[in-house]
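Subject: Structure handover

Hello,

Here is the structure for your queue. Notes on helix packing and internal cavities follow below it.

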Amino acid sequence: MNATSSNRATFGGRIAAVLAAAGSAIGLGNVWRFPGVADANGGGAFIIIYIVCVALMGLPLMVAEFSIGRHTRSNPVGAFRAIDRRWGWLGAMAVATVFLILGYYFVVSGWTVAYVVNSAAGRVDSTFFARFITDPWQPLLYTAAFIAVNHYIVERGVKQGIERASKILMPIFFAILLALAVYSLSMPDSSQAIRKVLTPDFGAVDASTVLAALSQAFFSLSIGMGIMITYGSYFKSETRLLPTAVNVALLDTLAAVIASIVILSAGVGDQSGSTLAFVALPEVFEGLPWGGFWSTLFFVLLALAAILSTVSIHEVVTVYLSEQRGMTRRRAARCVSAGAALLAVAASLSMGAWDDIRIFGRNIFDALDSLTATLLLPASGLLTCIFAGWIWDRRQFRGEVARSGGIDAKMFPTVGFLLRWVCPPLVAALFVFGLID
Ligand code: PHE
């Protein structure tokens, strides 16, 4: 099958493009990682530094990925290969990386669904989590339900599936987030939380703050993993790339900042990840009026954040299989769901029954997490910068970005400069410090 076939699906327009990419970018990291990192690094000061990192590293990389995708109208492997035959392996690396991520992201996503159901039924207390994740069956059932929904969206295709889901679910996500933010104003720590987010404390900032901001920006914007290449390949020719990337980053940052108000108001900013969401927060909700209702709503928010992120990963692998391996979309989607489900089963069981299987001292879940987050993602991010900044023919690259004129044409020299000289050292720093850490 021709990887750059012209009858490929496209998104309806810029709004669809923004919502789909923002759906990928806004994920669990915005809710359970950003607030704690911001809290520990000077609150508003962190947010300012974060925005600078997004502008210097995130936006150029996102524009580069969008243009690689749209220029080639292909999946990551086909895309790199079409621009330079020797670089197909980088696409393969990205596809393999996101597939591994999908394996454990599905597990955590299943937990969010379990918490929606169990909070609604009033069964969640501070001991629930430990019992739940070590149970061999319960987590698997919820993960299976989550995978089924994810599969349904991807199998329906770019327009009917991904675009539609993004257009429906993103507004619901923001409505719930705003409702939670308003509710959080009634929590005891709320005025302190707002002060934290709005006032920069540069005294708490040091070199590690910059690294934390870089790493959060990189992960949160879903860059360096072929996702934005894949979504860019569905953009219409007239879609402006820089404004699209700016809008995605704005929505992503807005979600993270509002989530910070909620999380810090609840006084759980000293926690992060699953402990924050599944242990500390339920405990806070337990003591609040209407706590059960709001905690259910919070887990709906998490599940929504998770679904559009996992859909974007699933899509990368699905379109790779269909275009490079000649499968129909349906068959490809099934292979991805089945393969990721197997990984998810292993990752899920590694929290309990299979905890004694160790890879470099870690259980399967943690091994997948650290292999992808500290090694594979920064590596493929770095190589993508180098590819866009140094390997891709400048005129071709400019032609793709500047296609619809306007701000894209005007800003191309800046984007190109950042990709060549600023992004590689920044991402390299991430990579090196991630390894040492
Ligand atoms: N960007 C998502 C977040 O902030 C995470 C994600 C990682 C999404 C990998 C897709 C792929 O949580």
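Start with helices H4 and H19, which cross in a left-handed sense; that means the near helix is turned anticlockwise from the far one by less than a right angle. H4 spans residues 44–72 and H19 spans residues 406–436. Helices are DSSP runs (H or I, at least four residues), numbered from the N terminus. Their axes come within 9 Å and cross at roughly 120 degrees. Axes are lines fitted to C-alpha atoms over the stretch in contact, and angles run from 0 to 180 degrees between N-to-C directions.

Before the rest, two caveats. This is a predicted model, numbered from 1 along each chain as its sequence is written, with local features needing pLDDT of at least 70 and side-chain atom pairs counted only at pLDDT 80 or more, while totals for chains, interfaces and linings use all residues. Side-chain values use heavy atoms, leaving out hydrogens and water.

Back to the H4 and H19 contact (heavy atoms within 4.5 Å). H4 brings Ala55, Leu56, Met57, Pro60, Leu61, Val63 and Ala64. H19 answers with Val415, Leu418, Leu419, Val422, Cys423, Leu426 and Val427. The split is 14 nonpolar, no polar and no charged. Here Ala, Val, Leu, Ile, Met, Phe, Trp, Tyr, Cys and Pro count as nonpolar, Asp, Glu, Lys and Arg as charged, and the others, Gly among them, as polar.

Next pair: H6 and H14 (residues 273–286) pack at about 15 degrees, axes 11 Å apart. So H6 is roughly parallel to H14 (angles under 35 degrees). H6 passes H14 in a left-handed crossing. Val108, Trp111, Thr112 and Tyr115 of H6 touch Ser274, Phe278 and Pro282 of H14. That contact has five nonpolar, two polar and no charged residues.

Now the cavities. A cavity is a set of points on a 1 Å grid over the protein atoms alone where a 1.4 Å probe fits but cannot get out; lining residues have an atom within 4 Å of a point. Volume is the space filled by probe spheres set on the points. There are two cavities of 30 Å³ or more.

The largest has a volume of about 150 Å³. Its lining has 16 residues, with Ser24, Tyr105, Phe219, Ser222 and Ser309 nearest its centre. The lining divides into eight nonpolar, eight polar and no charged.

The second largest holds about 40 Å³. Residues lining the second largest cavity include Glu65, Phe80, Gly224 and Thr384. H6 and H17 (364–391) each give two or more residues to that lining.

Best wishes

Technical notes:
1 Å grid on protein atoms, 1.4 Å probe; cavity = no way out; pocket = protein on both sides within 12 Å on 5 of 7 lines; lining within 4 Å. Parallel < 35°, antiparallel > 145°, perpendicular 65-115°, else oblique.
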